[in-house]
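Work through the exercises below with the sequence and the model open. Each task is followed by a solution in steps.

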Amino acid sequence: MCGILAVFGCVDSSQTKRSRIIELSRRLRHRGPDWSGLHCYEDCYLAHQRLAIVDPASGDQPLYNEDKTVIVTVNGEIYNHKALRESLKNHQFRTGSDCEVIAHLYEEHGEGFVNMLDGMFSFVLLDTRDKSYIAARDAIGITPLYIGWGLDGSVWFASEMKALSDDCERFMSFLPGHIYSSKTGEIKRWYNPPWYLEKIPSTPYDPLVLRRAFEKAVIKRLMTDVPFGVLLSGGLDSSLVAAVAARYLVDSEAACQWGSQLHTFCVGLKGSPDLKAAREVADYLHTRHHEFHFTVQEGIDALEEVIYHIETYDVTTIRASTPMFLMSRKIKSLGVKMVLSGEGSDEIFGGYLYFHKAPNKEEFHQETCRKIKALHLYDCLRANKSTSAWGLEARVPFLDKDFIDVAMSIDPDWKMIRPDLKRIEKWVLRHAFDDDQNPYLPKHILYRQKEQFSDGVGYSWIDGLKDHANQQVTDAMLMKASYIYPENTPTTKEAYYYRTIFEKFYPKNAARSTVPGGPSVACSTAKALEWDASWSKNPDPSGRAALGVHEAAYEDSKA
């Protein structure tokens, strides 16, 4: 991951403004500690903080076309860059960077090239020939991007809110799968898959097609010139990522540089469910496993720093981001710069435990569509910013565009949780990798019940957060919450506590509006609360809140 900052139309184009852009860009240096770049053209500025993953020696940014009339600053990875280069043989490339293709694709195709990119990306491109510019974000929002507007008429783009919040009167999260063009001043959707309209698909389930699509998604993400590994919680999703990576690593280019033994990483409180399961999977796959422990107090001590980096007050996100933040620091200390992670599977396959209560396949499918569309506000935000805080890049194979197309075209009747047919959550995915002849994972791991990351690191983690918040927030404070925080009013002491920390760093109305709100149980959308009347009495995002579903569910008396 890198950090980008771009500003267009500044009234002040003096050295003072250049210095201010440099100062603001430094707020993103944690994302890209390897090099800093800045290109200025009249009243336009494109800044970049680089984390070097592909072509570390020559791929510094901003990047250019042949005559430097097109300038681009990019955060992300373009996995099909070699194939795209083949289609651009009449162009001269300056570097081996995967992102350089963007400048040349723009020359060839204008603004309509974005759908040709296979990867995770946010970029801003300036065409000095007519002084126009575009900005775009990947299909799902794996990489973060914000857009803002200054009182002087300037337009800003940044990887994180902290780089533009002080200088913009209004700003917001840039929508995934969209492109902004200065020629029209509009933000339009470039990503238009069939599932986006929430129409019910009817393609029969084919386990081998699903398996091959996921294997391709993992293999393409082994593109790296630096040491890497896999985040392994021991749950289904991360275990499948590790199993596929371990199986195909030996034949990859990465193995030539870094060896064929996969490194895996896990974090948790001592004795937590994840640590035990991850160790078992690592032993089965013969990985070089690294196990990190943290205490509840260490997590609590990190909360302010975590909220500063992840830029949200959402309870679920903070609960899960904190152990991931602590683990990322340990991983970076080992010299690792890139990891594969298992985000996205639960949204695509209805893996959260509340999906047990989906009344029919239509509502099941529509909920998965809603969950995928909101990923950029939750799990993608967490995975990206928790790792980028320490200059670590997270890649997410489940959110591969081609894989999503395959998975979301399956008739959702196959995804429904059917105890009468012995189909638990994510059965279609588990069954696709249930190979007796050449097994990917042990059966009991393959069919392990879903644990949300903030639960799996140790149940006492969430309980400890609640106890700490109860000590910081009084009953009187919570009763007056609607007066202090009329927008997205916190309804628990834990939520109130996180909100106070967030407001300290990001006090503007625009900042608090970037965070979603509404009731939720076990990570559901507000709409899915209608599936079970009892959930309205237990609005907690933990997986244990799915009463009657999770094996370690909260007691009714605690709801």
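**Exercise 1. Charges over rings**

Task: Find which ring the charged end of Arg 423 sits over, and which residue lies over the face of Tyr 308.

Solution. Start with Arg 423: its charged end sits over the ring of Trp 427, 4.8 Å from the centre of that ring. Then take Tyr 308, whose face has Lys 162 over it, at 4.7 Å from the ring centre. Lys 162 also belongs to a network of salt bridges, together with Arg 31, Glu 160, Glu 311 and Lys 385.

**Exercise 2. Confidence**

Task: State what the pLDDT values say about this chain, and where pLDDT stays under 50.

Solution. The model is predicted, and pLDDT is the predictor's confidence in each residue. Over the chain the mean pLDDT is 92, with 94% of the residues at 70 or more. The stretch to mark is residues 554-559, where pLDDT stays under 50. For these residues the model has 11 contacts beyond four places in sequence.

**Exercise 3. Length and cover of helix 20**

Task: Check the length of helix 20 against its number of residues, then decide whether the helix is mostly covered or mostly open.

Solution.
- Step 1: helix 20 covers residues 493-505, which makes 13 residues.
- Step 2: the expected span is 1.5 Å times one less than the number of residues, so helix 20 should span 18 Å.
- Step 3: the end C-alpha atoms of helix 20 are 19 Å apart, which agrees with the expected span.
- Step 4: for cover, 10 of the 13 residues are buried, so helix 20 is mostly covered.
- Step 5: among the buried residues are Ala 495, Tyr 496, Tyr 497, Tyr 498, Ile 501 and Phe 502, and also the charged-type side chains Lys 493, Glu 494, Arg 499 and Glu 503.
- Step 6: the cover over the buried residues includes helix 8 (296-310), helix 9 (315-333) and helix 17 (459-472). Helix 18 (475-479), helix 19 (481-484) and helix 21 (509-512) also take part.

**Exercise 4. Salt bridges**

Task: For three salt bridges, give the N to O distance and say whether each partner is buried or exposed.

Solution. The whole structure holds 42 salt bridges. Lys 493 pairs with Asp 475, their closest N and O atoms being 2.6 Å apart. This pair links distant parts of the chain, with Lys 493 in helix 20 and Asp 475 in helix 18, 18 residues apart. Lys 493 has a relative accessible area of 17% and is therefore buried, whereas Asp 475, at 52%, counts as exposed.

Next, Asp 420 and Arg 418 meet at 2.8 Å, N to O. Asp 420 is exposed, at 54% relative accessible area, while Arg 418 is partly exposed, at 27%.

Last, Glu 425 bridges to Arg 430 at 3.6 Å between the closest N and O atoms. Both Glu 425 and Arg 430 are buried.

**Exercise 5. Aromatic pairs**

Task: Classify the ring pair formed by Tyr 133 and Phe 157, and say where in the chain its partners lie.

Solution. The count for the structure is 36 aromatic pairs. In this pair the ring centres of Tyr 133 and Phe 157 are 6.3 Å apart and the planes lie at 75°, so the pair is edge-to-face. Tyr 133 is in strand 7 (residues 132-137) and Phe 157 in strand 9 (residues 155-158); 24 residues separate these distant parts of the chain. Tyr 133 is buried at 10% relative accessible area, and Phe 157 is buried at 0%.

Elsewhere, ring pairs link Phe 113, Phe 121, Phe 123, Trp 190, Tyr 191, Trp 195 and Tyr 196 into a cluster.

Technical notes:
Residues are numbered from 1 along each chain as its sequence is written. This is a predicted model: local features need pLDDT of at least 70, side-chain atom pairs count only at pLDDT 80 or more; totals for chains, interfaces and linings use all residues. Side-chain values use heavy atoms; hydrogens and water are left out. Helices (H or I, at least four residues) and strands (E, at least two) are DSSP runs, numbered from the N terminus. Buried means under 20% relative accessible area, exposed over 50%, partly exposed in between (1.4 Å probe, protein chains only). Contact means heavy atoms within 4.5 Å. Rings of Phe, Tyr and Trp (its six-membered ring) pair if their centres lie within 6.5 Å; planes under 30 degrees apart count as stacked, over 60 as edge-to-face and the rest as tilted. A charge sits over a ring if NZ of Lys or CZ of Arg is within 6 Å of the ring centre and within 35 degrees of the ring normal. pLDDT is the predictor's confidence in each residue, from 0 to 100. A salt bridge is a side-chain nitrogen of Lys or Arg within 4 Å of a carboxyl oxygen of Asp or Glu.
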